[in-house]
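Here are my notes for you, written as numbered points. Keep the viewer open and click along as you read.

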Amino acid sequence: MILLALQAALGMLLLALAAAGAGFPLFRRLGSAFHPWERLAFCLLGGWGVFSLALYLIGQVLFSRWIIFAVTFGFAALGSGFLWWVWRHRELSGPWMEKRALLPAGIVIFLLLVTTIAGLAPVVGDWGSDTVAYHLLGPKVWLRAGVIRPVADNCHTAFPQTAETMYAALFAIGGPSAPCLADFFTFGLLLAVSASLAMRCGLDATGGWWVAAIVATMPAVFRGAHFAFVDGLYAAFFLAVARIALDAENPFEWTSFGVFRGLLIATKYTGLLAVPVLAVGLVFLRRKSDQEKWGRSSEGFAFAGIATLLVAAGYYVRNWLVLGCPIYPPPPGLVHLCHAKYLSAQAVLDFHQYILRRGAGLGRGPLALLLLPFNLTYHTANFHGAGGIGLVPLGLAPIGIFTMRKSLTMKFLVILAGLLTLAWFLTQQESRFLIHVYVIAAVFGVIGWRHCELFGSHIRRLVAGLLVAVSVLYGVFMIVKAEADPIHAVFSAPYAAKRRAEQIPYVESFSFLNRDPSVNNVLILDRSVPLFYLDKNYVKPVGQWGELTVPGVAQPQDALAAMGRLSITHVLDVNSEVAPFQVHQPAANLHLVFEAKNQRIYRVE
């Protein structure tokens with residue numbers, strides 16, 4: 001475990017340096033409206049996305065380990081030189097210098113430490129875990145194949161892949177523990193951008209730290225930014241777009257706005273819904289500014305649009321060329337306009353019905369919308385909320401909004417948060433998809449708290465402080481309780497082995513297949529088998545979402561008949577919740593070489 005942790009840390013360090021190398025123009029050229037520490041945060045965040053884009057584009061042709069090493073070391077060398085220049089010129093002085101910020105800073109550092117340690121635990125889970133099912137499956141398969149392509153048996157691996165491309169690089173350089181270890185880096189960047197937005201809204205450095213602490217202790221936020229989930233990174237990109245929009249003046253700043261907006265679209269499909277929301281907010285912001293600023297904005301919009309298109313286009317054009325549809329699986333509006341490879345019309349329909357069922361929340365009617373702030377706070381399980389968002393958004397954010405009622409910045413952020421929430425409410429009500437809105441609510445919450453402290457009565461000050469204290473303590477408790485299991489696995493090898501045996505389906509079969517040198521190509525007969533744990537090439541004719549990956553094969557029995565042309569060496573057959581064993585013994589040309597509970601492996605004779 002120590003060697004794996006050291007390898008992961010080294011890989012993470014190299015990728016962070018590469019991000020600094022890719023993003024250093026953001027530090028050098030963002031204007032005086034951005035504090036040096038903010039510029040460093042945007043440099044690392046934007047560099048993380050731009051470096052991923054570079055690897056992704058190269059990976060469409062070749063994605064071997066030596067290519068990843070070469071590109072990474074090149075960018076890391078640039079990043080090392082840049083950071084040395086920053087250090088030598090003493091460019092940075094930050095909010096960590098405030099003594100009053102020690103308490104919230106301590107909370108943030110503690111949770112980043114929890115994230116780091118828990119991230120070193122071996123990955124476990126079944127096909128119900130997004131991490132196992134596709135976030136980390138795709139990167140493993142790409143490294144094995146030497147090229148970045150959607151994994152045919154899981155349509156989710158065709159989602160925009162900014163985060164997943166970095167996971168692949170982390171696998172290649174840092175080993176199996178590196179992708180989840182990197183959570184502390186992207187989570188930290190989310191908190192830094194949250195503090196940046198808070199200080200732009202008028203809070204001092206201590207207030208910025210408190211916003212970061214309150215966001216960090218929201219279990220729903222932590223869940224979406226941890227265990228190789230991409231929602232925290234997506235939220236960080238959105239908040240960076242909003243922050244830059246408030247002060248963008250020159251062509252470079254507008255281009256930076258466009259790059260972050262492109263990374264938003266290149267991380268999750270929901271970024272496509274965020275683009276019109278940003279457009280509405282931006283037009284409102286600029287129209288309400290002075291006429292001269294509005295006149296200059298048209299040129300800036302053009303720079304931003306070109307940058308967004310250049311950053312995001314590759315992910316959607318690739319899908320169109322390879323899979324027949326730029327958004328895959330196609331949304332209802334595109335189902336009849338493009339043919340989605342591997343997916344039947346019924347499979348696409350089933351997928352969208354699942355999304356609607358999972359994201360139903362507590363309804364989509366007017367009353368449900370009106371009660372949403374209350375329900376998100378007190379009925380978190382209905383939104384897959386992982387423990388919720390605490391009391392600050394509901395209890396203090398309205399006070400902060402009222403306090404800033406004449407502020408153009410407040411109106412801009414309220415427009416963004418309101419429209420984003422409405423789009424979320426009408427599509428998929430999954431709590432972690434609203435992380436960027438929770439951050440905005442936390443900013444207003446701390447502003448409301450500060451107003452109560454400065455102008456409220458003794459009772460109001462006491463209640464406001466109690467709301468913050470309860471939120472933070474509750475969040476820390478829920479997060480530490482959830483992370484106790486992986487942290488235990490990091491420090492106890494026997495417990496890690498027990499955890500692996502209990503939480504990885506068919507783990508005995510994976511162990512057998514991975515260590516047997518005669519295994520070259522495995523036929524998987526059950527769509528529920530999580531193939532992240534398999535280190536060999538495989539064929540899965542029927543995918544998790546009903547994908548049909550082999551022409552002429554629509555069910556397991558067809559696959560058994562087609563083994564010759566598929567060059568199959570072994571067959572994994574399981575008895576699962578989806579289907580019973582598919583191989584009927586005795587089976588011609590199949591020799592049973594391994595059997596355990598609910599799992600059998602055959603060698604093709």
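1. Let's start with helix α16, and keep in mind that this is a predicted model. On one side of α16, away from its buried residues, A345 and R357 are exposed. The buried ones are A347, V348, F351 and H352. Those four cover an arc of only 130° around the axis, which puts them on the same side of α16.

2. How far apart are the end C-alpha atoms of α16? They are 20 Å apart. The helix covers residues 345-358, so 14 residues at 1.5 Å a residue should span 20 Å, and the model agrees with that.

3. Try the same check on helix α14, residues 271-288. From its first C-alpha to its last, this helix of 18 residues reaches 25 Å, close to the 26 Å expected at 1.5 Å a residue. Its buried residues are G271, A274, V277, L278, G281, L282, L285 and R286. Looking down the axis of α14, you'll find them within an arc of 155°, so they line one face of the helix.

4. Now for the sheet. It is open, has five strands in the order β2-β1-β3-β5-β4, and its pairing is mixed. Which strands stand at the edges? They are β2 (537-539) and β4 (590-596); each has a single partner strand, so one side of each is left without a neighbour in the sheet. From one strand to the next, the twist averages 25°. As background, strands of a sheet pair through backbone hydrogen bonds, either parallel or antiparallel.

5. Strand β3, residues 570-574, deserves a click. It is mostly covered, with five of its five residues buried. H570, L572 and V574 point one way from the strand, while V571 and D573 point the other way. That fits a general pattern: in a regular strand the side chains alternate between the two faces of the sheet.

6. What pairs with β3? Strand β1 (residues 521-524) does so in the parallel sense, over three bridges, and I524 stands opposite L572. Strand β5 (residues 599-604) runs antiparallel to β3, and five bridges join the two. In that pairing, H570 has R603 as its bridge partner in β5.

7. Next, look at β4 and β5. They run antiparallel and are joined by six bridges. Across this pairing, F594 stands opposite I601, and E595 stands opposite R600. The two strands form a hairpin with two residues between them, and N598 in the turn has a positive phi of about 65°.

8. Don't overlook helix α25 (residues 507-515), which lies across β1, β3, β4 and β5. It runs at about 25° to β5.

9. Aromatic rings next: the structure holds 24 aromatic pairs. In one of them, the rings of F42 and F260 have their centres 6.1 Å apart and their planes at 65°, so the pair is edge-to-face. F42 lies in helix α2 (residues 36-59) and F260 in helix α13 (residues 251-265), so the pair ties together parts that are 218 residues apart in sequence. Both F42 and F260 are buried. One aromatic cluster is formed by F34, F42, F237 and F260.

10. Here's another ring pair to find. Y354 and W545 form a tilted pair, 5.1 Å centre to centre, with 55° between the planes. Y354 lies in helix α16 and W545 in the loop between β2 and α26 (556-561), so the pair ties together parts that are 191 residues apart in sequence. Is Y354 buried or partly exposed? At 29% relative accessibility, Y354 counts as partly exposed.

11. Last stop: M12, which sits in helix α1 (residues 2-29). It is buried, with a relative accessible area of 4%; the cut-off for buried is under 20%. Which residues is M12 in contact with, leaving aside its neighbours within four places in sequence? They are W48, L170, L181, A182, F184 and F185. For a sense of distance, M12 and L408 are 396 residues apart in sequence and 40 Å apart in space, C-alpha to C-alpha.

Conventions: Residues numbered from 1 in each chain as written. Predicted model: local features only at pLDDT ≥ 70, side-chain atom pairs only at ≥ 80, totals over all residues. Heavy atoms only, no water. Expected span 1.5 Å × (residues − 1). Buried < 20%, exposed > 50% of the residue type's maximum accessible area, 1.4 Å probe, protein only. Arc of directions from axis to C-beta. Pairing = 2+ DSSP bridges. Axes fitted to C-alpha atoms, helices over the stretch in contact; angles between N-to-C directions. Contact = heavy atoms within 4.5 Å. Phe/Tyr/Trp six-rings, centres within 6.5 Å; stacked < 30°, edge-to-face > 60°.
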